[in-house]
Amino acid sequence: QVQVVESGGGLVQPGGSLDLSCVASGDIFRVYIMGWYRQAPGKQRILAASITADGEAVYEDSVKGRFSISTDNAINTVYLQMANVKPEDTAVYYCHVAGTLNDNQSFNQWGQGTQVTVSS
């Protein structure tokens with residue numbers, strides 16, 4: 001019923017920048033929150049940044065001041081602008097979307113993930 005698709009991952013050098021995008025589509029009535037989680041090899045998936053429909057953003061401490069999350073609510077899209085990236089930012093980045101469907105049922109949907117590799 002809801003599809004979430006990420007794009008924009010790839011290889012970037014330390015200190016460089018990379019932008020991720022995620023679009024949610026389907027029988028969506030309203031999106032409440034969109035977020036980017038990341039999972040490094042051998043580690044748990046953790047929140048990198050999230051943003052509510054009202055624009056309230058939360059960042060994991062290690063990305064504060066370097067990553068910026070934003071949305072285009074009209075097209076259910078969330079962006080993650082990554083700057084001054086570090087090797088420890090290497091991970092699979094997953095988009096998560098939560099909201100309600102047209103039939104008033106709630107949904108939580110994950111994307112398939114996009115690989116970000118920071119290396120020289």
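How much area does the chain expose, and what share of it do carbon and sulfur atoms supply? In this predicted model, the exposed area of the chain comes to about 6,400 Å², and carbon and sulfur atoms supply 46% of it.

## Overall architecture

The secondary structure of the chain consists of 11 strands and zero helices, and a reading along the sequence accordingly gives the pattern β-β-β-β-β-β-β-β-β-β-β. The radius of gyration is 14 Å, close to the 14 Å that the globule rule gives for 120 residues, so the chain is as compact as a globular protein of that length. Measured out along its principal axes, the C-alpha trace spans about 50 × 25 × 20 Å.Of the 120 residues of the chain, 38% count as buried. Among the contacts in the chain with a separation of 6 or more, 54% are accounted for by residues that stand 24 or more positions apart.

## Strand β9 and its partners

Strand β9, which covers residues 91-101, is mostly covered, since 10 of its 11 residues are buried. β9 pairs with β4 in the antiparallel sense over 10 bridges, and within this pairing Val-31 stands opposite Gly-99 of β9. Gly-99 also has a bridge partner in β10, namely Phe-107, and the two strands β9 and β10 run antiparallel and are joined by five bridges.

β10 takes in residues 106-110, and the hairpin that it forms with β9 has four residues between the strands. In that hairpin Asn-104 takes a positive phi near 75 degrees. Strand β11, made up of residues 114-118, is likewise antiparallel to β9, to which three bridges join it; here the bridge partner of Tyr-93 is Thr-114 in β11.

## The disulfide

What holds two cysteines together in a disulfide is a covalent bond between their sulfur atoms. The structure holds one disulfide, which joins Cys-22 to Cys-95 with an S to S distance of 2.0 Å. The pair links distant parts of the chain, for Cys-22 lies in strand β3 (residues 18-26) and Cys-95 lies in strand β9, 73 residues apart.

Is this disulfide buried or exposed at its two cysteines? Cys-22 is buried, and Cys-95 is buried as well. The torsion about the S-S bond of Cys-22 and Cys-95 is about -80 degrees, so the disulfide is left-handed.

## Salt bridges around Asp-89

A search of the whole structure finds four salt bridges. In one of them the side chains of Arg-38 and Asp-89 meet, with a distance of 2.9 Å from N to O. Arg-38 belongs to strand β4 (residues 28-39), whereas Asp-89 sits in the loop between β8 (77-82) and β9 (91-101), so this salt bridge ties together parts that are 51 residues apart in sequence. Arg-38 has a relative accessibility of 7% and therefore counts as buried, and Asp-89, with a relative accessibility of 1%, counts as buried too.

Asp-89 also meets the side chain of Arg-66 in a salt bridge, at 2.7 Å from N to O. This pair again links distant parts of the chain, with Asp-89 in the loop between β8 and β9 and Arg-66 in the loop between β6 (57-59) and β7 (67-72), 23 residues apart. Both Asp-89 and Arg-66 are buried. Which residues make up the network of salt bridges? Arg-38, Glu-60, Arg-66 and Asp-89 are linked in it.

## The salt bridge of Asp-61 and Lys-64

The side chains of Asp-61 and Lys-64 also meet in a salt bridge, with 3.1 Å from N to O. Where the line is drawn matters for this pair, because exposed means over 50% relative accessible area and buried means under 20%, with partly exposed in between. Asp-61 has a relative accessibility of 59%, so Asp-61 counts as exposed, while Lys-64, with a relative accessible area of 48%, is partly exposed.

Methods
Residues numbered from 1 in each chain as written. Predicted model: local features only at pLDDT ≥ 70, side-chain atom pairs only at ≥ 80, totals over all residues. Heavy atoms only, no water. Buried < 20%, exposed > 50% of the residue type's maximum accessible area, 1.4 Å probe, protein only. Disulfide = S-S within 2.5 Å. Pairing = 2+ DSSP bridges. Rg over C-alpha atoms; globule rule 2.2 N^0.38 Å. Contact = heavy atoms within 4.5 Å. Areas by Shrake-Rupley, 256 points an atom, 1.4 Å probe, with all protein chains shown as cover.
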